[in-house]
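Here's a quick tour of the pockets and of one helix pair. Have the model open while you read.

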Amino acid sequence: GHVTFRSYMFHHEMNAYLRRVAAQYPNIATLEHFGTSYEGREMLLIRVSSGPSSNPDVPKPTIFIDAGIHAREWIAPPAALYIIQQLVENPENAALYENVDWAIIPCLNPDGYQYTQEEDRWWRKTRSINANSTCIGTDGNRNFDYYWMHLGASNSPCSDIFAGPEAFSEPETAALRDWFLTNNANNVVKLYITFHSYGSMLLYPWGYDRIVPDDEEDLLQLGNLVAEAIYNANTLRSEYIVNTSALALYEAAGGSDDWVKAVGGVDLSYTIELPYGDSPLPFMNPAYQILPTVQETWAGIIAFHDFIEERF
Ligand code: 0X9
Ligand code: ZN
C-alpha cells in the first residue's frame, strides 16, 4: 500500500492503495464500488470529503476525475493517484476538501492496463470479446452515447478506435454512465476531468465535430488558468495547448468528455492529454519523470479547485 511515483503500479496495487488510505483516513476518504471490468476486476472510486454541507440547500460542488480509459497511457493513473495522495495524506492540503468534494477513479480500464503489463505495451482498448471477430476490445473513448459513431470512430472490431457493437457495450463505460445517472441527478458535479496521454493539451468539448460549445469562453478561460499553473509549477515545465478536442486534435465521437457535458450534467468537462516527458516514444514516460509530471499536473488541479470553490 505504498506509492512512490518512481515506478508504475499494477491495478491490484492501486486497489490495495485505495483500500489502505480509506482504512487509515475513514473520516475523509471512502471507497465506492464503481463497477466490475469485463474480466472481473473490481473498479474502485474514492470519495474525499470533509462531510456534508452545513446548508443542505446548497450542497458542496464535486470534482470528478478519472484516468486510464486507454490502457497504454500509463502516466494517467499516477496523475489521479497523486491527487488522492496529496488530498488524503498531506495535511497541508486539508483546505482543498473543505468546501469541495472529490470523486476519483484512477483506472477505468483495468483489463487493458493489465494486458499492457503482461502482453502488449501498445494495447489501447478494453479486452471484451467481439461477436464474429477474432479481434478483441472496444475503444472506451468511442463508446459513449453522444453522437456515437458520428466521426473519428470505426465499426471494425480490429480497429484501435472501434466504437463497440453499440454505445455503452462495455461494462467499464456503462459503469461511468451509471455513476453519473445515479450521483449527478442534482448536478452536484461541477467539473469533470479525464486523464489521457499524450500531447500536453487541455481539451474541452466538442470532440465529436468541429463545433464550439456555447460556453467555450468559460472553458477556455479556465483552461488557460490551469495551463499557466502547470507551467509555473516548474517541475517539467510543460506548455499546454488549450482548445476544443476536435480543433486541437481531430474529430472523435463517443468520448467520455462529450457525454458527461451533454448528458451527464457537467458544463466544465476536460480531457487532459499529459506529456510523455523525454521518452523517444509516446506513452512511454520514463519512470524518473512520473513524479515531476504528476507534480505539475497537481498544480493544475489546485487551480481547477480554486476556480470551482470560488464559483460554486
Ligand atoms: O482520441 C482520444 O480518445 C483522445 N486522444 S488519445 O490520444 N489519448 O487517444 C482524445 C479525446 C478527446 N475527446 C473527444 N474526442 N471527445
Ligand atoms: Zn487516451
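How do the residues of the lining of the largest pocket divide into nonpolar, polar and charged? In this predicted model, the split is 7 nonpolar, 9 polar and 6 charged. That lining takes in 22 residues, and if you want to find the middle of the pocket, look for Arg-142, Leu-203, Leu-249, Tyr-250 and Glu-273, which lie nearest its centre. Strand E5 (189–197), strand E6 (201–204) and strand E8 (268–274) are the elements that each give two or more residues to this lining.

Then there's the second largest pocket, where Arg-47, Lys-60, Thr-62, Asp-101 and Val-188 lie nearest the centre. Here are the two side by side:

| Pocket | Volume | Lining residues | Nonpolar / polar / charged |
|---|---|---|---|
| Largest pocket | about 340 Å³ | 22 residues | 7 nonpolar, 9 polar, 6 charged |
| Second largest pocket | about 190 Å³ | 15 residues | 4 nonpolar, 8 polar, 3 charged |

Now for the helices. H5 (residues 216–233) packs with H8 (residues 290–311) at an angle of about 140 degrees, and their axes are 7 Å apart. That angle is why H5 counts as oblique to H8. As for handedness, the H5 and H8 crossing is right-handed.

Who's touching whom? On the H5 side the contact is made by Asp-218, Leu-222, Leu-225, Val-226, Ala-229, Ile-230 and Ala-233, and H8 answers with Glu-296, Ala-299, Gly-300, Ala-303, Phe-304, Phe-307 and Arg-311. Sorted by type, the residues of this H5 and H8 contact come out as 10 nonpolar, 1 polar and 3 charged.

How values were computed
Residues numbered from 1 in each chain as written. Chains lettered and ligands numbered in written order. Predicted model: local features only at pLDDT ≥ 70, side-chain atom pairs only at ≥ 80, totals over all residues. Heavy atoms only, no water. Axes fitted to C-alpha atoms, helices over the stretch in contact; angles between N-to-C directions. Helix = DSSP H or I, 4+ residues; strand = E, 2+ residues; numbered from the N terminus. Parallel < 35°, antiparallel > 145°, perpendicular 65-115°, else oblique. Left-handed = near helix turned anticlockwise from the far one by under 90°. Contact = heavy atoms within 4.5 Å. Nonpolar A, V, L, I, M, F, W, Y, C, P; charged D, E, K, R; others polar. 1 Å grid on protein atoms, 1.4 Å probe; cavity = no way out; pocket = protein on both sides within 12 Å on 5 of 7 lines; lining within 4 Å. Points joined across faces, edges and corners; volume = space filled by probe spheres on them.
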